[in-house]
Amino acid sequence: FRPGPDPWMAGGEAGAWAFVAAYYPAVTCAWLPLLLRFSEQWEAGWTYAVAPGATLADLACALKRATVLALLLPSCLLVWLYFACRWGSPLHATLQVLPPALACLPLMDIALMWRKPIPFACRYMKGESGTRMAITLTLMALFTGIGFLQAGMAGNLASTVWMIAGLLGAAVVTDRLMAAYLSGRGIVLADL
């Protein structure tokens, strides 16, 4: 296995597949909390309403943490490992994988604020996917914009570091906004 051409050393021209490989886990993880609302055991959702002190913010933070730790980190680590071996540069692999992983965090917060983050408490019904589709299209548009921005900055370390810092700041701000927005909202049976 020989290292392939490093897009950071080849004038910043990363192949389209490098961006697809880096963005796919992030897009999937940002969208996943919306799907975790549905379950065949949705009738047991009343347990959320009777849990002492449970708020929507608690559920959203737990859902986000589980998605990040169980899915986003392992899949991004796998993509990073492939890029590091392929290009022979762990730094360049990090610069390719870190922006989509960081972009996933604020976009996941936006999706969780848009829909009530009550996992496994809704019955899936055909024909009621309009809101999920709107959120999906919004997430895809935002990820596409970030991907084009990253592609334009590929090969330029300073602007990529600024982009990473901006995405990290956005992740912190949206996390606090989500917690503030959902913290005052207790779970009632009407939410389920």
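The following paragraphs lead the reader through a predicted model of a protein, from its overall layout to a few individual residues.

The protein has 192 residues, and 42% of them are buried. Its secondary structure consists of 6 helices and 0 strands, so that the pattern read along the sequence is α-α-α-α-α-α. Contacts between distant parts of the chain are prominent in the count: of the contacts with a separation of 6 or more, 87% join residues 24 or more positions apart. The accessible surface amounts to about 10,400 Å², and carbon and sulfur atoms account for 70% of that area.

The interior may be considered next. In soluble globular proteins, nonpolar side chains tend to be buried together. In this model, the largest nonpolar core has 46 residues, and L72, F83, C104 and F143 are those with the most contacts inside it. Two or more residues of this core come from each of helix 1 (16-35), helix 3 (56-87), helix 4 (90-114), helix 5 (130-153) and helix 6. C104 offers a view of the surroundings of one such residue: leaving aside neighbours within four places in sequence, C104 is in contact with A26, C29, A30, L72 and F143. Two of these partners, L72 and F143, are themselves named among the residues with the most contacts inside the core.

A second position worth examining is A60, which is found in helix 3. A60 counts as buried because its relative accessibility is 0%, the cut-off for a buried residue being under 20%. When residues up to four places away in sequence are not counted, A60 touches L112, P117, M178 and L182. A further residue, I118, stands 58 residues from A60 along the chain, and yet the C-alpha atoms of A60 and I118 are separated by 7.6 Å.

Charged residues add another element to the picture. Side chains of opposite charge can pair when their charged atoms come close. A search of the whole structure finds 2 salt bridges. In one of them, D109 pairs with K64, and the closest N and O atoms are 2.9 Å apart. This pair links distant parts of the chain, as D109 belongs to helix 4 and K64 to helix 3, with their positions 45 residues apart. D109 is buried because its relative accessible area is 0%, and K64 likewise counts as buried, at 10% relative accessibility.

D175 also forms a salt bridge with K64, with the closest N and O atoms 3.2 Å apart. Here too the pair links distant parts of the chain: D175 is in helix 6 and K64 in helix 3, 111 residues apart. D175 counts as partly exposed because its relative accessibility is 29%, a value that falls between the limits of 20% and 50%. Through shared partners, the salt bridges join K64, D109 and D175 into one network.

The last residue in this account is T174, which lies in helix 6 (residues 157-183). With a relative accessibility of 13%, T174 counts as buried. Its side chain reaches the backbone oxygen of A171 at 3.3 Å. Not counting residues up to four places away in sequence, T174 touches P106, D109 and M113. One of these contacts leads back to the charged network, in which D109 is joined with K64 and D175.

Technical notes. Residues numbered from 1 in each chain as written. Predicted model: local features only at pLDDT ≥ 70, side-chain atom pairs only at ≥ 80, totals over all residues. Heavy atoms only, no water. Helix = DSSP H or I, 4+ residues; strand = E, 2+ residues; numbered from the N terminus. Buried < 20%, exposed > 50% of the residue type's maximum accessible area, 1.4 Å probe, protein only. Polar contact = N/O pair within 3.5 Å; in protein donor to acceptor, adjacent residues only side chain to side chain. Contact = heavy atoms within 4.5 Å. Core = buried A, V, L, I, M, F, W, Y, C linked by side-chain atoms within 4.5 Å. Areas by Shrake-Rupley, 256 points an atom, 1.4 Å probe, with all protein chains shown as cover. Salt bridge = Lys/Arg side-chain N within 4 Å of Asp/Glu carboxyl O.
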